[in-house]
Amino acid sequence: MTKYVIRGGKQLHGTVDISGAKNAAVAILPAALLVDGVCRIENIPQISDVSLILNILQELGADVRTVNRTTVDIDCSHIRNVQVPDVLARKIRASYYLVGALLGRFGSAEVALPGGCDFGGRPIDQHIKGLASMGADVDVVGGIIKAKAISERLQGNTIYMDIVSVGATMNIMLSAVLAQGSTIIENAAKEPHIVDLANFLNSMGASIMGAGTDVIKIRGVEKLSGGSYSIIPDQIEAGTYMAAVTATGGEVLVRNVIPKHLECITAKLIEMGAEVEELGDKVLVRRTAPLRRTNVKTLPYPGFPTDMQPQVAACLCMAQGTSILTEGVWDNRYRYVDEFRRMGARIQVDGKVAVIEGVEQLTGANVEACDLRAGAALIIAGLAAHGITEISQVQHIERGYEDIVQKLDKLGADIRVVISPDEGKAAQAG
Ligand code: EPU
């Protein structure tokens with residue numbers, strides 16, 4: 001078993017470079033299926049969710065060539081297989097984008113119901129509603145989403161989303177770019193990765209307008225051709241390092257960011273006592289004053305991101321006073337609270353609300369990362385705590401954070417990876 005072992009109590013100082021955005025990459029890589037030609041995709045994060053999608057594309061028959069550490073060339077000209085291997089699709093949430101992309105290009109797709117972090121129910125009814133209204137038969141049979149266009153091409157339509165959904169908005173965009181006629185998505189999600197996917201598709205010849213607003217218009221085109229595109233920096237990875245320095249104190253220059261995307265996070269960190277200075281594509285974050293309480297409610301963009309909720313909770317556990325955290329996106333995103341309590345945090349959860357009474361000092365403990373952002377939050381808590389924290393189940397963290405241990409080590413954190421002897425032997429043997 002791999003663990004992260006952290007000796008807490010050190011301030012963070014230095015510079016950290018933010019990688020490409022996970023939630024943009026996991027949509028843009030499947031979008032390559034729509035392109036007839038080679039697309040070069042740059043600034044890809046080195047994380048396990050991305051490796052999995054690249055594996056899936058190869059299994060489907062794509063030619064995937066690594067150009068350098070963060071760039072791949074993908075050629076999907078010769079794909080004929082529309083059945084995504086189950087074992088791969090189940091491991092990630094983003095496998096649902098393969099449904100929209102395969103259906104949009106080939107008129108048919110078979111993809112296992114997606115996996116990903118467990119936040120209670122994660123329905124996909126809005127994806128199905130959108131695809132069906134464009135003329136696809138969509139059934140879930142034996143855990144597999146089977147989608148087939150009734151006529152040769154999907155037909156554009158106006159689709160009102162009953163709930164603001166990142167995944168459904170992107171999935172409908174993917175299926176609509178090659179459809180006949182125009183598609184209008186109303187009550188669309190507005191996250192930066194929605195705009196990034198639209199920019200990628202437009203750079204390959206699609207016609208998408210309004211991404212980043214709540215009405216997106218897609219005029220179907222005959223074909224997308226190759227080109228090159230660079231993925232935006234990861235808003236949540238940047239926010240995680242900003243929260244880490246807010247928790248530990250110190251001063252960190254966070255490079256390769258789009259400060260506009262961070263405003264919703266910055267505002268809250270400032271309320272908590274951090275100072276944040278925007279410097280072009282960098283932000284300088286420092287905390288010297290005591291950590292202060294605040295209230296946070298997560299909402300779709302441009303609200304405070306749910307994917308930063310556990311990390312900000314880690315800071316609030318050590319703030320002066322009592323804070324109220326309200327989860328406005330997921331039904332159950334507090335599974336990590338028991339792990340925080342092991343470290344001495346005082347948190348009461350009632351449904352979507354958590355009341356956090358700040359304590360002067362957290363103490364190191366053995367804890368388990370139950371999902372990706374919860375894992376990042378435990379790292380933050382461990383960095384600020386007194387004593388040693390051992391975090392297990394770190395594969396969740398590696399799904400979404402490139403080189404997190406190395407990046408924190410460079411900032412002066414005392415963090416290391418420990419692989420149990422058995423696993424080490426197995427790795428050597430095989
Ligand atoms: N929802 C429905 N029906 C649907 C789709 C969603 O009721 O058909 C509900 C969900 O249950 C949830 C809300 O709508 O209550 C929002 O879900 P959304 O569809 O926006 O989430 P998602 O697309 O499955 C993405 C990110 C998540 C992030 C959410 C919200 C990816 C791969 N995942 O999930 O990221 O929390 O948007 O911003 O892009 C993470 O990176 O740690 C992560 C979990």
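Biologist: In this predicted model, which side chain meets that of R105 in a salt bridge?

Modeller: The model is a predicted one, and in it the side chain of R105 comes within 3.7 Å, N to O, of its salt-bridge partner. The pair links distant parts of the chain, since R105 belongs to helix α4 (residues 96-106) and the partner to strand β3 (residues 35-42), 69 residues apart. The residue that R105 meets is D36.

Biologist: Is D36 buried, partly exposed or exposed?

Modeller: Buried means under 20% relative accessible area and exposed means over 50%, with partly exposed in between. The relative accessibility of D36 is 33%, so by these limits D36 counts as partly exposed.

Biologist: Which residue forms a salt bridge with R40, and is that residue buried or exposed?

Modeller: R40 lies in strand β3, and its partner lies in strand β5 (residues 71-75), so the salt bridge ties together parts that are 33 residues apart in sequence. The closest N and O atoms of this pair are 2.7 Å apart. R40 itself is partly exposed, with a relative accessible area of 31%. The partner is D73, which at 15% relative accessibility counts as buried.

Biologist: Which residues are joined with E275 into one network of salt bridges?

Modeller: E275 forms a salt bridge with R286, with the closest N and O atoms 2.8 Å apart. Because E275 lies in strand β15 (residues 275-279) and R286 in strand β16 (residues 282-287), the pair ties together parts that are 11 residues apart in sequence. Salt bridges that share partners extend this into one network, in which E275 is joined with E251, E277 and R286.

Biologist: Which strands stand at the edges of the sheet that contains β1 and β22?

Modeller: This open sheet has four strands in the order β21-β22-β1-β23, with mixed pairing. Each edge strand has a single partner strand, so one side of each is left without a neighbour in the sheet. The edge strands are β21 (366-368) and β23 (414-419).

Biologist: Which helix packs on that sheet?

Modeller: Within the sheet, four bridges join β1 (residues 2-7) to β22 (residues 388-392), which run antiparallel, and R7 stands opposite I388. The helix in question touches β1, β21, β22 and β23, and its direction makes about 30° with that of β1. This helix, covering residues 372-384, is α12.

Biologist: Which residue takes a positive phi in the hairpin of β7 and β8?

Modeller: Six bridges join β7 (residues 136-141) to β8, and the two run antiparallel, with A136 standing opposite A149. Two residues lie between the strands of this hairpin, and the residue with a positive phi, near 55°, is G142.

Definitions and conventions
Residues numbered from 1 in each chain as written. Predicted model: local features only at pLDDT ≥ 70, side-chain atom pairs only at ≥ 80, totals over all residues. Heavy atoms only, no water. Pairing = 2+ DSSP bridges. Contact = heavy atoms within 4.5 Å. Axes fitted to C-alpha atoms, helices over the stretch in contact; angles between N-to-C directions. Salt bridge = Lys/Arg side-chain N within 4 Å of Asp/Glu carboxyl O. Buried < 20%, exposed > 50% of the residue type's maximum accessible area, 1.4 Å probe, protein only.
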